[in-house]
Amino acid sequence: MTMTGRCLCGAVRFEADGVPHEVGACHCDMCRRWTGGPNFAVEAEAVRFEGAQNIGRYCSSAWAERGFCKVCGANLFYRLIDTGRYFLAPGTFDDQSGFKMTTEVFIDEKPGYYTFADETSKMTGAEVFAKYAPKQDG
Amino acid sequence: MPGRTGQCLCGAVHYSAEWVRDEVGACHCGQCRRWAGGPFLPVATKGVHFEGEENLGRYRSSDWAERGFCKKCGSSLFYRRLDSDAYMMSAGCLDDQSGLEFARQVFIDEKPDWYDFAQKTETYTGADFFARNPQRKGGES
């Protein structure tokens, strides 16, 4: 099913296919600097952007970049460079009714002032790196 | 209260500010979620001083407010009422986040079902918010 979304100002719009409705939250320091809180993400199989000229891309590590709207500053996506996979911000979707938070990563970097009540599987940063790649820093 | 410092992800924008309270709020409104990707978690500050201001983008999201972000990395830095020097700075950009208490949630009626905070806080609906801030209307923040 194709899902649609946009940034706050509407300068960037997208259509996404293969969105599993499972939201992950990352509590790492980098993600929190970027969004201001945990970074929420839903993985998409394919994404088509409208207004792509308004997308800013920042390489935050050797293997990933983060996309934002250059007009309003909305946080749009985290993308793995080698696979091209997009992890889109759930808050930008037009219909968020089917989403459910299922995982939390870098739980060891979560600050004390917030906690989610949702039942999720939780991984530390070390567990994430051990599972996915021999890499440092998200 | 002592000043604190913060910066965006890439470091192109730094700031120092004075805390109004050691409290974090959450806004669940549709605009904040479009902007931050999820709820916006601000800390109220005053006397903000920016370094790297040439890298600071400002977007007018309503007649009475603007949102600031880093033009290099896209970090969401603040929400500010135009008639005030009280910057609502993103909690995640603060260098020292110790001692912060999660105190209130606003636009709780716009919160989607996919997350819930465990903390017991004061909660306000959008109608509560506009009743307390009658100059802001139209359902936009």
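**Close-ups of the A–B contact and strand β7(B)**

**View 1. Where chain B meets chain A.** The contact draws 40 residues from chain B and 40 residues from chain A. Keep in mind that this is a predicted model. On the side of chain B that touches chain A, four elements of chain B chip in at least two residues each: α1 (30-36), β4 (56-62), β5 (65-70) and β8 (101-106). The largest share there belongs to α1(B), with five residues.

**View 2. What that side of chain B is made of.** Sort the residues of chain B's side of the contact with chain A by character, and you get 21 nonpolar, twelve polar and seven charged.

**View 3. The two faces of strand β7 (residues 87-90) of chain B.** Which residues point which way from this strand? Tyr87(B) and Met89(B) go one way, while Met88(B) and Ser90(B) go the other. Buried or exposed? All of these β7(B) residues are buried.

**View 4. β7(B) alongside strand β3 (residues 42-51) of chain B.** These two strands run antiparallel, and four bridges join them. For a spot to zoom in on, look at Ala44(B), which sits opposite Met88(B) of β7(B).

**View 5. β7(B) alongside strand β6 (residues 76-81) of chain B.** How many bridges hold this pair? Three, and the pairing is antiparallel here too. Phe78(B) has Met89(B) in β7(B) as its bridge partner, and Met89(B) points the way Tyr87(B) does. Following the chain from β6(B) to β7(B) takes you through a hairpin of five residues.

Technical notes: Residues are numbered from 1 along each chain as its sequence is written. Chains are lettered from A and ligands numbered from 1 in the order in which they are written. This is a predicted model: local features need pLDDT of at least 70, side-chain atom pairs count only at pLDDT 80 or more; totals for chains, interfaces and linings use all residues. Two residues are in contact if their C-beta atoms, placed from the backbone, lie within 7 Å. Ala, Val, Leu, Ile, Met, Phe, Trp, Tyr, Cys and Pro count as nonpolar, Asp, Glu, Lys and Arg as charged, and the others, Gly among them, as polar. A residue is buried if 20 or more other C-beta atoms lie within 10 Å of its own, exposed if 12 or fewer, and partly exposed in between; C-beta atoms are placed from the backbone. Two strands pair if DSSP finds at least two bridges between them.
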